[in-house]
Amino acid sequence: MASSLISRQFALSLQKNLWLSAPACRYVSKAAPQTQVEFDYDGPSMKTSVPGPRSQELTKQLGEIQNVGAVHFFCNYEESRGNYLVDVDGNRMLDIYTQISSIPIGYNHPALLKLMANPNNLSTLVNRPALGILPPENFPDKLTESLLSVAPTGMSRVQTMACGSCSNENAFKAMFIWYRNKERGHNTPSDEDLSSCMINQAPGCPDLSILSFMGGFHGRTMGCLATTHSKAIHKLDVPSLDWPIAPFPRLQYPLEEFTRENAQEEARCLEEVEDLIIKWRQKGKPVAGIVIEPIQAEGGDNHASPDFFRSLRNIARKHGCAFHVDEVQTGGGSTGKFWAHEHWGMDDPADIVSFSKKLLTGGFFHKDEFQADKPYRIFNTWMGDPSKNLLLAEVLNVIHRENLLEEVTRSGKALLNGLYELQAQYPGILSRARGQGTFCAIDICDDATRNDILLKTRDKGVLLGGCGDRSIRFRPALIFKEYHVHIFLNILNDVLAQHK
């Protein structure tokens with residue numbers, strides 16, 4: 001085990017070798033070895049091309065059972081550690097994509113292994129109850145210990161779900177129920193409501209809508225797809241709903257050089273939001289809620305200013321719309337704050353905040369008035385998984401104990417500064433470096449070059465992900481340190497140098 005742990009000697013040797021090998025663009029600092037992830041490997045190690053022979057064999061085998069078009073390679077999770085993912089061919093890669101932003105504190109964290117080895121937790125792992133009807137005795141305490149301990153401002157209620165899509169799907173339902181009860185002035189449906197809903201007709205199935213934004217991603221289930229506008233492949237051939245779609249600001253970078261232009265762009269988008277709300281009301285399809293991501297992740301890591309979100313929140317209030325902030329990808333600490341919407345500096349940021357990914361379970365926080373007014377209205381068999389709340393409580397302990405949000409801020413600054421430097425060095429390839437914390441991205445000159453860079457960095461032992469038309473997104477675990485940043489930047493520099 002000792003040989004697999006990063007050592008001070010290795011880090012110092014790595015620093016020396018990296019500085020000597022390419023002095024034009026080296027990022028390892030003298031401070032880098034001083035903080036280390038104790039269960040990490042010492043760096044990438046590639047033995048075969050990716051996917052290797054074993055992965056190819058398994059892909060062929062699985063292909064007889066399922067569609068494997070999206071499978072990259074097969075993994076050896078038992079051997080993966082910290083920031084490093086190991087595949088079945090023995091290739092060890094620095095993972096800066098983390099299962100699409102879903103691994104909070106790295107692979108096989110000792111605290112989580114210890115938790116799972118505790119015999120007192122066996123029942124939680126073995127039995128998966130139908131939480132909506134038969135929850136376990138400790139469920140209220142575990143929710144308080146985990147999810148409620150990180151509840152967004154102004155929210156003391158949380159509804160657990162299994163994944164991001166079903167979290168948003170049920171959050172939409174909660175907004176519609178809230179809106180109709182508000183319209184009726186009470187929560188008792190009429191006989192006509194009850195009979196008409198059974199044949200998909202109004203008034204029981206009202207012609208309400210949810211306003212979303214071009215470039216947004218909120219899931220792949222039927223209702224969520226009506227608010228997802230990031231890639232055609234998600235929506236093709238699937239019937240959808242006539243709901244309003246507003247433009248999301250397209251900011252120019254660097255931000256400090258385009259203050260006036262970006263303010264005008266955000267004002268244009270906000271004006272369009274109000275126009276759409278009025279237009280859909282006139283069409284007889286009033287907007288019950290607005291859903292938005294603090295950073296449009298899948299759609300290209302698109303940012304907007306805190307002023308934009310504050311103004312949007314006010315528009316929702318003005319028109320009587322619920323305001324739903326989708327933090328499925330941004331929540332959990334990767335922006336340097338536990339919730340990305342905390343960067344807006346608002347006392348009342350949202351009515352509903354949905355989550356999943358780094359929080360290990362899904363669900364949504366909500367204000368009291370969005371509580372389901374009758375049983376089985378917001379319901380499914382499992383409604384989450386108690387074992388994931390158990391894991392999350394320990395993840396939160398680790399985040400607090402190891403000051404990981406501060407670590408994210410430091411690592412994120414190093415990452416973004418490194419991207420700025422590479423962008424200056426390769427202006428024909430890179431542009432629009434941006435981010436909060438380690439939740440960063442950079443644009444590539446075109447889609448083909450982006451995909452080539454993703455493959456070549458993987459061949460050199462770094463896993464990255466794409467988003468939007470031509471962006472690369474960075475989604476490391478919260479234990480991603482400055483020296484990991486330097487390892488990555490040097491490998492990316494080597495790949496970019498081949499394109500120069």
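This is a short dialogue on reading two pockets and one strand in a predicted model.

Q: Let's start with the pockets. How much space lies in the largest pocket?

A: Happy to begin there. About 1,300 Å³ of space lies in the largest pocket of this predicted model.

Q: Which residues should I click on to find its centre?

A: Try Ala70, His72, Tyr97, Ile100 and Arg473, which lie nearest the centre of the largest pocket. They belong to a lining of 45 residues. Several elements give two or more residues to that lining, namely α3 (98-101), α7 (164-184), α10 (232-235), α15 (447-459), β12 (462-463) and β13 (465-467).

Q: Which element has the largest share of that lining?

A: That is α15, with six residues.

Q: What kinds of residues make up the lining of the largest pocket?

A: Sorting a lining by class is a handy way to read it. Here the count is 18 nonpolar, 15 polar and twelve charged residues.

Q: Now the second largest pocket: what is its volume, and where is its centre?

A: The volume of the second largest pocket is about 820 Å³. Nearest its centre you will find Phe176, Gly204, Cys205, Pro206 and Leu208, and the lining has 25 residues in total. Two elements, α7 and α8 (191-197), each give two or more residues to this lining.

Q: Which of the elements gives the most there?

A: Helix α7 does, with seven residues in the lining of the second largest pocket. By class, that lining divides into twelve nonpolar, three polar and ten charged residues.

Q: Let's turn to strand β6. Is β6 buried or exposed?

A: For a strand, count its residues by burial, where buried means under 20% relative accessible area. Strand β6 spans residues 287-292, and six of its six residues are buried, so the strand is largely enclosed by the rest of the structure.

Q: How do side chains sit along a strand in general?

A: In a regular strand, side chains alternate between the two faces of the sheet.

Q: And which strands pair with β6?

A: Look for bridges between strands. Strand β4 (residues 209-213) pairs with β6 in the parallel sense over three bridges. Strand β7 (residues 322-326) also runs parallel to β6, joined to it by four bridges.

Q: Where can I see these bridges residue by residue?

A: Go to glycine 289 in β6, the bridge partner of isoleucine 210. Glycine 289 also stands opposite alanine 322 in β7.

Q: What unit do β6, α12 and β7 make?

A: Follow the chain from strand to helix to strand. Together, β6, helix α12 (residues 306-318) and β7 make a right-handed β-α-β unit.

Technical notes. Residues numbered from 1 in each chain as written. Predicted model: local features only at pLDDT ≥ 70, side-chain atom pairs only at ≥ 80, totals over all residues. Heavy atoms only, no water. 1 Å grid on protein atoms, 1.4 Å probe; cavity = no way out; pocket = protein on both sides within 12 Å on 5 of 7 lines; lining within 4 Å. Points joined across faces, edges and corners; volume = space filled by probe spheres on them. Nonpolar A, V, L, I, M, F, W, Y, C, P; charged D, E, K, R; others polar. Buried < 20%, exposed > 50% of the residue type's maximum accessible area, 1.4 Å probe, protein only. Pairing = 2+ DSSP bridges. Right-handed = clockwise from strand over helix to strand, strands pointing away.
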